[in-house]
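Please find below a colleague's note on the model, set out as numbered points. It is meant to be read beside the sequence and the coordinates.

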Amino acid sequence: MDAHALRVLDFYAIVEMLVNQTQTVYGGEIAEKIKPLLDLDEIRKAQEETSEAVEWLGRYGEIPWGSGGDIRPILNRAKIGGVLSPEELFQVKEFLGTLRQIRSKVLESRSFPLITSIVKEFHLLPALEKEIEKSVSPAGEILDSASFELLRLRKQARLIEGRLREKLQSLIDSPTVKKFLQEPIITIRDDRFVVPVKAEFKSQFPGVVHDRSSSGQTVFLEPIDTVNINNELREAQMKIRDEEDRILTDLSRKVGEQAGELQRSLQALARLDFIFAKARLSDLMKGNMPRVEEGAYLDLVGARHPLLKGEVVPIDIQIGKGFHTLVITGPNTGGKTVSLKTAGLLVLMAQAGLHLPASSNSSIGIFKNVFADIGDEQSIQQSLSTFSAHMAQIVRILREADPQSLVLLDELGSGTDPREGAALGASILEFLHEKRIPTIASTHHTELVAFAYLHRDARNASMEFDQKTLAPTYRMRLGIPGASHAFQIAKKLGLLPEVLADAQKHLTLEREKLDLLISKLEEERQKVESDKAEAEKLKEEALKFREEFQKQTEEIKKKKKQILRSAYEEAQKVVNETKSQMEELLEKLRQEPKVSARTEAIRKEVEEAKTQVDERMLITERRGLPVSLRDLHAGDLVWIPRFKAQGLIVEIDEEKGKARVQVGSMRATVEQKEIERMDTAELKDALREKEIPERPSINFKKDVSWKIDLHGARVDDALQALDKYIDDAVMANFPFVYILHGRGTGALRTAIHNFLRNHPSVLRFRMGEATEGGPGVTIVYLK
């Protein structure tokens, strides 16, 4: 990728931002070397890695990166046999702990394949980590637990030191010795325990002098009585140092043996840190992953320059699909240069695997190179003018660019005579256009506006200018050229009218007409935009009104259902109370010792009325009214509009909101909304006929009812009739049948149940519910 373009498009400023997001020195070094990629698969993988890390941070937060210190010099020294310090060994242990924690946390998630593939490259060394942990403290001290020998030697040294201190303490506490001491304390000089003695009593206090105070008034003397004990302590300390050296040497050797594995783990950790740094940068920029496809093109939607501060106006910019030359015109400080830089920088970022500060609808192709002539390229050292510097850069671009390149030219044709500059600009655009090189050029030369109109695969664009405020809005408008608005701005700033009028005389007639046309186009476009915004507002209000209307309609339907439901529940309550009263009355009549003909007639009337109530309790709602599966039971007769036929409920699945129904010889699964209650008159006719009305799609035998009444029958006769009835029901493909046996003493019901338990055609059976006839009815499910 062209180094000059990387610099003028501020790619290195983005690199610096990326480096600041890394957590380790290793990741920072990779970030410093980031460059745009040229292979489609590599770019897509880099983008997906960034997206995975963004998702991780949003779901789990930061990864435990550890201290982030650089252990590479430590590993290199250990590899060649160097002895590491306790502090260096502890750094290695911390690094191993970081690897272990990151690997464990990532592998638990199981939904981040790219990140997981990296952490699987971590080489965990639990034995080495544990050995260093038990040998070295965070403060860089060698612990007693490093070896049994070290523990033994240190205990021995502490015992010797205890005896030595006890001996010295007894000396300084002695009245005869106190007068010789500068202070009654025990101190250390040259690793020997001594006492401070006044210089004038040195000859009267037998011992070895190890040091003298700066004033010369005190000598630090080892009493002769403690020399042997001091020697013992010194020997013990030397043995401790030897054991400590052995421990450090052994641990350093083990680190050196694993240095290769540790360095490979370090490289994997660096890549992981780099990927998460890209994710943090994406979050900082409010970035999104663009689509990356074949071909040299870009389609940026809502793009923002990542280095601009404050409220940034997003722009849409396209090149490479439908047209490969884009000419941007407009006033100074209108945003032309920023637009060029935004396009170029975001291409470089996308190909480097970075998310873009743009809409997720943005997409880019792959540019093999990006060339840019932007800004003031004047070089004092080379004695080049601004125009010469620009032209030198353009000469190089024309020589090296190809159709797989993106060319960005800022203020094309500026810095020289306007007419010559416009002519050169037109020729440069012509050259690039003929070679089909994707080019975005900004210019002040209104003459170049005609280029896009006269060439296929070329477009004009402009930076919007508010005609009322005479200020730029920084929005790009594709397809419409822009004017400089110099006269309008000058007039607003107070230029004398006569000067302004004289200036207008110097414009050619063609130029004046062109500027007027562009201004009118801009004015008309702004009016269209305003009308469009108003239309969108009205559309939004209409949609809102429609949603509100639909909501109110749904509420009315819901209230209607609630009212109907309440009415049904109240009616059912009355029916239940009536039935209960009838049962009580029948029970009293049965208990009467003497039954007159009148009483028997009353009993029969009550039983007939009760039977009618039982039949009516099968009716819950009229067809077409709201129905809930909770209010249906297996055996209920319903209407299925789809089949235009009656059906029997076989099974109910409230969780799925569906029911299994038998329609003739066919069984089907239907949703709750497809089920309607039988009309009262229809259900009454079906019950009185004790059969399901014959319909073209039903194969039920016409002489087989869906229930059998065994009231008052002897047990033997009842069982014989029931056996034949069940065979007929099976032949008629009934899923279940009703057996009406009454309550009575329960003898008949018991005999029927015993019979059903052993019948080969019976799947199962149950007592009827309150709405089905209660204990006087048995529902039998057939195989």
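The points below go from the whole chain to its sheets and then to its charged side chains.

1. Basis of the note. This is a predicted model, in which local features need pLDDT of at least 70 and side-chain atom pairs count only at pLDDT 80 or more, while totals for chains, interfaces and linings use all residues. Residues are numbered from 1 along each chain as its sequence is written, and side-chain values use heavy atoms, with hydrogens and water left out.

2. The chain as a whole. The chain holds 23 helices and 23 strands, these being DSSP runs numbered from the N terminus (helices H or I, at least four residues; strands E, at least two). Of its 783 residues, 44% are buried, where buried means under 20% relative accessible area, exposed over 50%, and partly exposed in between, with a 1.4 Å probe and protein chains only. About 41800 Å² of the chain is exposed, and carbon and sulfur atoms supply 51% of that area; accessible areas come from the Shrake-Rupley method with a 1.4 Å probe, and for residues only the protein chains shown count as cover. Among contacts (heavy atoms within 4.5 Å) between residues at least 6 apart in sequence, 67% join residues at least 24 apart.

3. A mixed open sheet. An open sheet is formed by 4 strands in the order 5-9-6-7, with mixed pairing; two strands pair if DSSP finds at least two bridges between them. Strand 5 (291–292) and strand 7 (315–319) stand at the edges with a single partner strand each, so that one side of each is left without a neighbour in the sheet. Strand 6 (residues 298–303) and strand 9 (residues 363–364) run antiparallel and are joined by 2 bridges, with Leu-298 having Ile-364 of strand 9 as its bridge partner.

4. The helix across that sheet. Helix 13 (residues 336–351) lies across strand 6, strand 7 and strand 9, and runs at about 110 degrees to strand 6; axes here are lines fitted to C-alpha atoms, for helices over the stretch in contact, and angles run from 0 to 180 degrees between N-to-C directions. Helix 13 also contributes to a salt bridge, since its residue Lys-341 is linked to Asp-10 in the loop between helix 1 (3–8) and helix 2 (11–20), 331 residues away. The N to O distance between the side chains of Lys-341 and Asp-10 is 3.6 Å, and a salt bridge is here a side-chain nitrogen of Lys or Arg within 4 Å of a carboxyl oxygen of Asp or Glu. Lys-341 counts as partly exposed at 21% relative accessibility, and Asp-10 counts as partly exposed at 24%.

5. An enclosed strand. What is the surrounding of strand 21 (residues 736–740)? In strand 21, 5 of the 5 residues are buried, so the strand is largely enclosed by the rest of the structure. In a regular strand the side chains alternate between the two faces of the sheet. Here both faces are covered, with Phe-736, Tyr-738 and Leu-740 buried on one side and Val-737 and Ile-739 buried on the other.

6. Partners of strand 21. Strand 20 (residues 707–709) pairs with strand 21 in the parallel sense over 3 bridges, and the bridge partner of Ile-708 in strand 21 is Ile-739. Together with helix 22 (residues 715–731), strand 20 and strand 21 make a right-handed β-α-β unit; a crossover is right-handed if, with the strands pointing away from the viewer, the path from the first strand over the helix to the second runs clockwise. Strand 21 is also joined by 5 bridges to strand 23 (residues 777–782), and this pair runs antiparallel, with Val-780 of strand 23 as the bridge partner of Val-737.

7. Further salt bridges. The count of salt bridges comes to 32. Arg-192 forms one of them with Glu-222, the closest N and O atoms being 2.9 Å apart; this pair links distant parts of the chain, with Arg-192 in strand 2 (residues 192–198) and Glu-222 in strand 4 (residues 218–223), 30 residues apart. Both Arg-192 and Glu-222 are buried. In the salt bridge between Arg-714 and Asp-717, the closest N and O atoms are 3.9 Å apart, and Arg-714 counts as exposed at 59% relative accessibility, whereas Asp-717 counts as partly exposed at 41%. Elsewhere, Glu-131, Asp-250, Arg-253, Lys-254 and Glu-257 are joined into one network by salt bridges that share partners.

8. The setting of His-210. His-210 is found in strand 3 (residues 207–212) and counts as partly exposed at 21% relative accessibility. Leaving aside neighbours within four places in sequence, His-210 is in contact with Arg-189, Asp-190, Arg-192, Val-194, Phe-220 and Glu-222, a list that includes both Arg-192 and Glu-222 of the salt bridge described above. The C-alpha atoms of His-210 and Asp-190 are separated by 7.0 Å, while the two residues are 20 apart along the chain.
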